[in-house]
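Visitor: I would like a close look at a single part of this protein. Please take me through it step by step.

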Amino acid sequence: MDFVWVSLSGLVLLAISVKVMIVGARRALGVRVGAFRATIAALTAWSFAGLAFRWMPVPTPGKEESFLLFVIPIFGGTLLFAVAMLFVWEVVWPAGTGVGPLGSLRALRGRWSRTRRYTKITAIAVRHGLGPYLTGRGKPEQRARLARSLRCAMEEGGVTFVKLGQVLSTRSDLLPPEFVLELSALQDRVAPVPAAEIEAALRAEFGAPTSEVFSEFDAEPLASASIAQVHRARLRSGADAVVKVQRPNVRATVERDLDIIHRLARTLHARAGWARSLGIVALADGFSAALLEELDFRVEARNVAAVAAASGGHAPDAAVRLPVVHEELSSERVLVMDRLDGVSLGKVDAVPDPQGTARVLLHSLLRQVMDHGVFHADPHPGNVLLLTDGRLGLLDFGSVGRLDSTLRAGLRELLLAIDRADPAALRDGLLAVVDRPDEIDERRLERALGAFMAAHLSHAGAPDIAMFTDLFKVMTSFELSVPPAIAAVFRALTTMEGTLAGLAPGFDIVTEARTYVTEQTATVDSARETVTNELLALLPVLRRLPRRLDRIGGAVEEGRLSVNVRLFADERDRTLVTGMLHQVLLAFVGATAGIMAVLLLGSTTGPVLLGTVTLHQAFGYNLLLISALIGLRLLFSAFSPRKG
């Protein structure tokens, strides 16, 4: 029984001592240390302290109370050992980064998963005959074979590579015709999912077989895309419909690829200045959010309703029609819509009026962007239908962009400045739509934009959308980060250019867009609306202006006018200066204690307390411990990751 009580007392004392050591280590370092790390460090430090006690010399007879002078060095030495251990741990495995003994195992599993993904992608490329081209030994004359191999490899690679192929298929200005022809097949000829798997997915969503939900359901898909495939069906009401079904297990593949993209973005952000100036982490986050939204068909249903409400796409006489969603039959993985009877532009050989049709399609997108702020962000040929009645239809609203009124006004100002070749106005419009850095030389930016305009707008040839590439280079050189919403606009316009190039070769999208914006701005209704909005915004200011002028005039007349300037008014400035002053004071105290410790330890005077240790040397050991703890605290604060 006595043994049990002694054991329990020992455990309680150990727990109390460990708790004291954890609190002491956290206070000494001045930062929050994880409980796991602090506990391990405290237990290890007390173990070494027990060994140190065995080597302690016996106090001088008659001066046993002098042993109390060594309590601080003994406890402080134990604390110093724990703090040093935490410091080394922080250097090897930084806190707050998900890295540690357990985090390392999780990271190892994640790294193994990504390595398998990389290996699989390489194997796919080699299996389809792309190995020699990866090493630069391929024969360039075998274009048709290479294009076919590339298309098959992208199709097998999964969602990410199919999306990349869809974008490349719209860039006939970058790729030879053989590649454009093959990659365009990725838009509606991806290998379909077996009918049994589609039936099982629909049964899981509806809770009933398709024969009970629809009067007719065609197991042969109309189109098969990277995320979903579409089937023809007939509702119980007799209306023709299409059923969009998500491909099984596509979410797991997307999330794995997005993890790779995020890690690559963070690596580039840490190592490359151009990546930081572009805001590459924010761009990766935006791409991730957009792709995950595409996996939720409820979001697409809301997108269709928003674009239709903004552009009148559900009106019977709409020039560009949008499908009507049956929300009662739709869910996260299934979307049921009315069927638009037509053929995708990628399969149309000729259009009766290609220039007029291209103008209608472009004006529809520009109205969505400029007037309503909700627009289709991926208008590639597979998402645009030529209906049987000659009108156009839009499909696939999984990717939709949104602009607030401020961004729309800035974008309109930017296009008007390009139309007038006014670098000052272009600078103002640009700064209105980008994430502006804290410091920027506006005059140098204006001169750079003037040189950009001289290169693209002063010659006889019409400007093309490629000039925006040079504009982005200017923005990058000034560390101007493009918001994801504006990037979505330019991506939609770039995709639209490729679509219109196939529909109406020679169609000038930049000139047409400039003309559209100029005409919309020059109309009486538009001018009246702009003036009204500006006056309404200025009305509160104008109402307060007479009263403020009267106050200023009275203060000047009575000699009471003064200007108050507060130094360090920004909280961030005060925090920075306070932190620097704190570090300087700690360094001064630590250095002073260290110098005094060296002087006292070198002294041989004073009464002998413990073995050959004198009183002055005992004080020296205490000061040396204090200096070491302060030094470790400064080092720990330097190596610890900071937020923001």
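Guide: What follows is a short tour of one helix and its surface patches, with a brief stop at a sheet. Keep in mind that this is a predicted model.

Start with helix α22. The helix covers residues 524-557, and R544 has its place there. Now look at the charge. R543, R544, R547, R548 and R551 form a positive surface patch. How exposed is R544? R544 is partly exposed, and its relative accessible area is 33%. A patch takes residues with over 30% relative accessible area and no salt bridge. R544 passes that area cut-off because its value is 33%.

Next comes a patch of another kind. L542, L545, L549, I552, V556 and L561 make a nonpolar surface patch. Its area is about 560 Å². Pick out I552 as one of its members. I552 also lies in helix α22. I552 is partly exposed, with a relative accessible area of 45%. That value is over 30%, so I552 passes the area cut-off for a patch.

Now the sheet. Four strands form an open sheet in the order β4-β9-β8-β6, and their pairing is mixed. Which strands stand at the edges? They are β4 (320-321) and β6 (342-344). Each has a single partner strand, so one side of each is left without a neighbour in the sheet.

Finish with one pair of strands. Strand β8 spans residues 384-387, and strand β9 spans residues 392-394. They pair in the antiparallel sense, over three bridges. Look for L386 there: L386 stands opposite L392 in β9.

How values were computed. Residues are numbered from 1 along each chain as its sequence is written. This is a predicted model: local features need pLDDT of at least 70, side-chain atom pairs count only at pLDDT 80 or more; totals for chains, interfaces and linings use all residues. Side-chain values use heavy atoms; hydrogens and water are left out. Patches are made of residues with over 30% relative accessible area and no salt bridge: like charges are joined within 9 Å, nonpolar side chains (Val, Leu, Ile, Met, Phe, Trp, Tyr) within 5 Å. Accessible areas come from the Shrake-Rupley method with a 1.4 Å probe; for residues, only the protein chains shown count as cover. A salt bridge is a side-chain nitrogen of Lys or Arg within 4 Å of a carboxyl oxygen of Asp or Glu. Lys and Arg count as positive and Asp and Glu as negative; His and the chain ends are not counted. The place of a charge is taken as NZ of Lys, CZ of Arg, CG of Asp or CD of Glu. Helices (H or I, at least four residues) and strands (E, at least two) are DSSP runs, numbered from the N terminus. Buried means under 20% relative accessible area, exposed over 50%, partly exposed in between (1.4 Å probe, protein chains only). Two strands pair if DSSP finds at least two bridges between them.
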